[in-house]
Every structure is written in structure tokens, then in C-alpha cells.
Amino acid sequence: MELLKLATDWAKSEVFSTRFFIVFALLFLVASIGFWQLSKTELAKAYFIPSLVAGLLLMTIGLGLFYTNKSRITAFEKAFHENATSFYQSEMERTEATLKEYKVVFKVIPILIIIAALVLLLVQTPTWKAISITSMAMLIVILLIDGTAYARIADYNKELKLIDAKVKTVKKSVLSYD
């Protein structure tokens, strides 16, 4: 049961965390509406589309992750009760693969931020300035949220390994007792 509690606690934390994507998405969407309705300068008008796109992207990410992790909570319980060993193995594989994916994310997103910064420095049109600044803001939001998600899944993976070590210790002591 320790394994099931660990898995569901992780999924619940992820559900909570993905709400931040939705909150930031709403902020970008509200900003987009503000730029659309209140803009007086070319630069302010240029922010409408980039902030709308950023808001929609963050909303898509947030809602997708929210429902995925929300459904995991019940799926974890079912999978655990069907075959705890198989559930443990699938969680180990999933967490290991996710940790590898995050290493790529934490290399690619800073590169994209650098590219957006270079575009901001090199291109002087209001549209490209707005795209660059909005892109950097959105990518920073993703890094902030993914940074905490990475820490949670890394901790979850360590806890899974501790469970495996405990099981192996118990098996060895049972076998040595025979």
C-alpha cells in the first residue's frame, strides 16, 4: 500500500501543479484582450496575437496535463490492485523515461529563450519584438513549472527505488531464514 499512496500522492501533486499552467494561460489571455482593446502604440498592438497564442498554448498544456494526471489517480489504484509488481515496474520505467525527457527540455528551452533574445536584439519591428518577448515569458513560465515537476518526479523515482531496496532486503532475510 505504501507504493499506491506514493504514486497517488505524486499524481495529486501534479494535478495541483498543472493548475499553474492554466493560471498563467488565463493571465496571457487577459493580457491579450487588454492589448486588443486598449493598445495605442504599434508595439502594444503587436502583443495581441503573440499573447493570445501563448495563452492558448499554455491552456492546452495545462488542461492536457491536468486531465492526464487526474485520470492517473484512479488508474494507479486499479493497476496496483491488479498486479502490484507490474505496476511498480511500469512506474519505474515511466519515471526513468520522464527524467530523461526533462533533461532534453532543460536544454532546449534555454536555447529557445536565447534565440528569442537574439531576435529581440536583431529585429526592430514591433511584431517581432512582441513575439520575442512573449515567447521568452511563456518559456520562462514553462521552465518554472517544469522545474518543480522535475523535482517531484525525481523524488518519486528515489522513493520507488527505496521501496525496491526494502523488498530486496526482506526477500534476502526471508531466504536466509530458510
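Is tyrosine 150 buried, partly exposed or exposed? With a relative accessible area of 27%, tyrosine 150 is partly exposed; here buried means under 20% relative accessible area, exposed means over 50%, and partly exposed is in between (1.4 Å probe, protein chains only).

Before going further, a word on the model. This is a predicted model, in which local features need pLDDT of at least 70 and side-chain atom pairs count only at pLDDT 80 or more, while totals for chains, interfaces and linings use all residues. Residues are numbered from 1 along each chain as its sequence is written, and side-chain values use heavy atoms, with hydrogens and water left out.

## Aromatic pairs

Let us stay with the rings. The structure holds eleven aromatic pairs. Rings of Phe, Tyr and Trp (its six-membered ring) pair if their centres lie within 6.5 Å, and planes under 30 degrees apart count as stacked, over 60 as edge-to-face and the rest as tilted. One of the pairs is tilted: tryptophan 10 and phenylalanine 76 sit 6.5 Å centre to centre, with 35° between the planes. Tryptophan 10 belongs to helix H1 (residues 2-38) and phenylalanine 76 to helix H3 (residues 48-82), so this pair ties together parts that are 66 residues apart in sequence. Helices (H or I, at least four residues) are DSSP runs, numbered from the N terminus. Tryptophan 10 and phenylalanine 76 are both buried.

Tyrosine 150 has its own partner: phenylalanine 106 and tyrosine 150 form an edge-to-face pair, 5.6 Å centre to centre and 90° between the planes. Phenylalanine 106 lies in helix H4 and tyrosine 150 in helix H5, so parts that are 44 residues apart in sequence are tied together by the pair. Phenylalanine 106 counts as partly exposed, at 27% relative accessibility. There is also an aromatic cluster, made of Trp10, Phe76, Phe80, Phe87 and Tyr156.

## Salt bridges

The count comes to four salt bridges, where a salt bridge is a side-chain nitrogen of Lys or Arg within 4 Å of a carboxyl oxygen of Asp or Glu. Among them are these:

| Acidic residue | Basic residue | Closest N to O |
|---|---|---|
| Aspartate 9 | Lysine 5 | 2.7 Å |
| Glutamate 91 | Arginine 94 | 2.8 Å |
| Glutamate 96 | Lysine 161 | 3.5 Å |

The bridge between glutamate 96 and lysine 161 links distant parts of the chain, with glutamate 96 in helix H4 and lysine 161 in helix H5, 65 residues apart. Glutamate 96 is partly exposed at 29% relative accessibility, and lysine 161 is partly exposed at 43%.

Glutamate 91 and arginine 94 both lie in helix H4, three residues apart, or about one turn of the helix. Glutamate 91 is buried at 3% relative accessibility, and arginine 94 is buried at 19%.

Aspartate 9 and lysine 5 share helix H1, four residues apart, again about one turn. Aspartate 9 is partly exposed, with a relative accessible area of 33%, whereas lysine 5 is exposed at 52%.

## Two buried serines

Serine 132 is found in helix H5 (residues 126-177) and is buried, with a relative accessible area of 2%. A polar atom of the serine 132 side chain lies 3.3 Å from the backbone oxygen of alanine 116. This is a polar contact (a pair of N or O atoms within 3.5 Å; within protein, one must be able to donate a hydrogen and the other to accept it, and residues adjacent in sequence count only if both atoms are side-chain atoms). Leaving aside neighbours within four places in sequence, serine 132 is in contact (heavy atoms within 4.5 Å) with Ala116, Val119 and Leu120.

Serine 51, in helix H3, is buried at 2% relative accessibility. The serine 51 side chain reaches the backbone oxygen of tyrosine 47 at 2.6 Å. Not counting residues up to four places away in sequence, serine 51 touches Phe28, Ala31, Ser32, Phe35 and Thr134.

## Helix H4 at the surface

Val104, Val108, Ile111, Leu112 and Ile115 form a nonpolar surface patch, with about 420 Å² of accessible area together. Patches are made of residues with over 30% relative accessible area and no salt bridge; like charges are joined within 9 Å, and nonpolar side chains (Val, Leu, Ile, Met, Phe, Trp, Tyr) within 5 Å. Accessible areas come from the Shrake-Rupley method with a 1.4 Å probe, and for residues only the protein chains shown count as cover. Isoleucine 115 has its place in helix H4 (residues 84-122) and is partly exposed at 45% relative accessibility.
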